[in-house]
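This briefing groups its points by topic. Definitions are given where a term is brought in.

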Amino acid sequence: MTRHKEALKWVDEMAAMCKPDEIVWIEGSDAEKDRLTEQALSTGELHLLNQEKYPGCVLHRTAENDVARTEHLTFICTRTEADAGPTNNWMDPKEAYAKVGAMFDGCMRGRTMYVIPFIMGVPGSPFRKLGIELTDSIYVVLNMRIMTRIGQVALDELGENEDFTKCLHSKGELDIERRFILQFPEDNTIWSYGSGYGGNVLLGKKCLSLRIASYMGLTEGWMAEHMLILGLESPDGEVTYIAGAFPSACGKTNLAMLIPPDSLPGYKVWTVGDDIAWIRIGDDGRLWAVNPEAGFFGVAPGTSAKSNHNAMLTASSNSIFTNVLLTPDNTVWWEGMGIDAPDQGVDWRGKPWTPKDGENGANANARFTAPASQCPVISSHWEDPQGVPISAILFGGRRAKLAPLIYESFDWQHGSYVGATMASETTAAATGAVGVVRRDPMAMRPFCGYNMARYFRHWLDIGKKLTNPPKIFHVNWFRQDENGEFLWPGYGENLRALDWVLRRCNDKADARETPIGYVPTKESLNLEGLDISDEAMDKLLEVRGDDWIEELDGMQKFFDQFGYELPAEMLEEQQALKTRLGRWD
Ligand code: SAT
Ligand code: MN
């Protein structure tokens, strides 16, 4: 337990509200993990997988109505609506505490409340943040154990009076009509009710490390971003760090663990993080990034030995699989795993399944939770308390049309505009329609804990303080031809774009200047050993003025909702792009 008076008082108060039968403080030991796993196996909450093939691995199925983040039930609860801004759902904190407090009242009767002290970031780092999550779900405890650093190590950091984020979670009745994910940035508090799925309930992840942390970053002068971090080692042995913001389920984990193709010898990619970066200005005027997480919560479907062998190896032991197919030999399978489907199995709903059913065996948003330390290419710097220095930032989304394979912005301000106006087709990571283009600035639309116009301001302000800013690029692996076929092979071949980034950072690659930024000349990309037609390359590097002029409308509409809060620099950039496009043919 702890001598932290405020923590003890808060746990008491929440227990008085939720009325659990029992309260258990999590210490983080292996014996405790075994005990909890046993218990969850005995109730069916977890299923033990084939321990020869998947040692230490278990399977969990969430409720059918609870398989992805529910953005429409996620609220930023600030005193004024303007502080949440037009891209967030807002609820008055008083109303939110009363409304959802009534749901929490007595919700843990007959259940145990687990108290999970946790650290986002590494122990002893000046940049780590502390939290305590109260939950009635063993699945949450075991996931938090992988994704964060929990138990005694966190209590040690908490001491008697360190700040911490108060995180309260209950599965409630798993009723979508009684489900709320509430962030109270001004109170450093998170309440999550009625869900048992990933991002809704592993409160250290999106809720703390992005929504609450983005607000902390605003007030404390740093940035919490939805970014992977990788180290790119070039043939001469030098490692350059790149951060990349992509919406959920757009390949961040794959890029962070990329395996270079044989035709590009000498390169190596080292993983620092696959989802979240906390970024600060170093004494050297550069940006330095840490990964606050300790594990990966990766999308299973589409992950294969071919697309991401490192992820397959990372998740082959001590991992939790959620909503995948269970095979007759008691292992896991999902669509796009690169091996034939079993003749039969138990699908993510828990129902008998055969490939002939025509239905997916795994949910499209099925996940694996795996310890980062097991990643074969984890960077030796992934736990450096100061983080790693960032030389380039990538923004990217899924765009069938418009955005070329890669382009470089003119400078930080223009790069911030490129990030602010990025858009992507929606994926299965959140409930709702899939494949609809929506604006997703810096891939932070679902995760910004305050008014997004002020978030843009923050980006611009940070840039002004950098004497050595990273270059900012936009990438698009998902451009399609007229027949809807992807033009770019993706995966390991994405290294060719990273190689161009690296050489741009060292002034060693050509580009042509276009209205949207610097686009590679075909010759400046290393296409050695890649089987791709000239026409496909032309299409991939094409910038069509008319399409971009059309795009300006959507960008303007998006900006309009912010009114006077939108930084003038954004309109300046928008106008400058318009002018450049007008002059271009
Ligand atoms: O469910 S999570 O929010 O953790 C994953 C994602 O959507 O990126
Ligand atoms: Mn994510």
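Cysteine 375 counts as buried at 3% relative accessibility, where buried means under 20% relative accessible area, exposed over 50% and partly exposed in between (1.4 Å probe, protein chains only). This is a predicted model, in which local features need pLDDT of at least 70 and side-chain atom pairs count only at pLDDT 80 or more, while totals for chains, interfaces and linings use all residues. Residues are numbered from 1 along each chain as its sequence is written, chains are lettered from A and ligands numbered from 1 in the order in which they are written, and side-chain values use heavy atoms, with hydrogens and water left out.

**Cysteines**

- The structure holds zero disulfides, a disulfide being a pair of cysteine sulfur atoms within 2.5 Å.
- Cysteine 375 is in no disulfide, and the nearest cysteine sulfur, in cysteine 57, is 15 Å away.
- For cysteine 167, the closest cysteine sulfur is that of cysteine 207 at 7.9 Å, which is too far for a bond.
- Cysteine 167 is buried, its relative accessible area being 0%.

**Manganese site**

- The manganese ion (ligand 2) has as protein donors Lys206 (NZ), His226 (NE2) and Asp275 (OD), which lie 1.9 to 2.2 Å from it.
- Donors are N, O and S atoms within 2.8 Å of the metal (3.2 Å for Na, K and Ca); water is not among the atoms, so sites may look incomplete.
- Along the chain, the donors of the manganese ion (ligand 2) follow the spacing K-x19-H-x48-D.
- Lysine 206 in helix 8 (residues 204-220) and aspartate 275 in the loop between strand 15 (268-273) and strand 16 (277-281) are 69 residues apart, so that the pair links distant parts of the chain.
- Helices (H or I, at least four residues) and strands (E, at least two) are DSSP runs, numbered from the N terminus.
- Lysine 206 is buried at 5% relative accessibility, and aspartate 275 is buried with a relative accessible area of 8%.

**Glutamine 183**

- Glutamine 183 is placed in strand 10 (residues 180-184) and counts as buried, at 0% relative accessibility.
- Its side chain makes a polar contact with the side chain of arginine 211 at 3.0 Å.
- The side chain of glutamine 183 also reaches the backbone oxygen of isoleucine 181, at 3.5 Å.
- A polar contact is a pair of N or O atoms within 3.5 Å; within protein, one must be able to donate a hydrogen and the other to accept it, and residues adjacent in sequence count only if both atoms are side-chain atoms.
- Leaving aside neighbours within four places in sequence, glutamine 183 is in contact (heavy atoms within 4.5 Å) with residues including Thr74, Phe75, Cys207 and Arg211.

**Nonpolar cores**

- The largest nonpolar core has 150 residues, and those with the most contacts inside it are Phe321, Phe456 and Trp459.
- A nonpolar core is a set of buried Ala, Val, Leu, Ile, Met, Phe, Trp, Tyr and Cys residues joined through side-chain atoms within 4.5 Å.
- Helix 5 (residues 138-147) gives the most to the largest core, with eight residues.
- Apart from the largest core lies another core of 33 residues, among them Ala7, Trp25, Ile132 and Phe180.
- With neighbours within four places in sequence left aside, the contacts of phenylalanine 456 include Ala420, Pro441, Phe558 and Met570.

**Strand pairing**

- Five strands form an open sheet of mixed pairing, in the order 2-3-19-24-18.
- Two strands pair if DSSP finds at least two bridges between them.
- Strand 2 (47-48) and strand 18 (295-299) are the edge strands, each pairing on one side only.
- Two antiparallel bridges pair strand 2 with strand 3 (residues 58-60), and leucine 48 stands opposite valine 58 in strand 3.
- Strand 29 (residues 471-475) is largely enclosed by the rest of the structure, because four of its five residues are buried.
- Strand 25 (residues 388-396) pairs with strand 29 in the parallel sense over five bridges, with glycine 396 opposite valine 475.
- Strand 26 (residues 406-408) runs antiparallel to strand 29 and is joined to it by three bridges; tyrosine 407 has histidine 474 as its bridge partner.

**Positive phi**

- Alanine 249, in the loop between strand 14 (239-245) and helix 9 (252-256), has a positive phi near 60° and is partly exposed at 26% relative accessible area.
- Asparagine 318, in the loop between helix 10 (305-314) and strand 19 (320-322), has a positive phi near 50° and is partly exposed at 33%.
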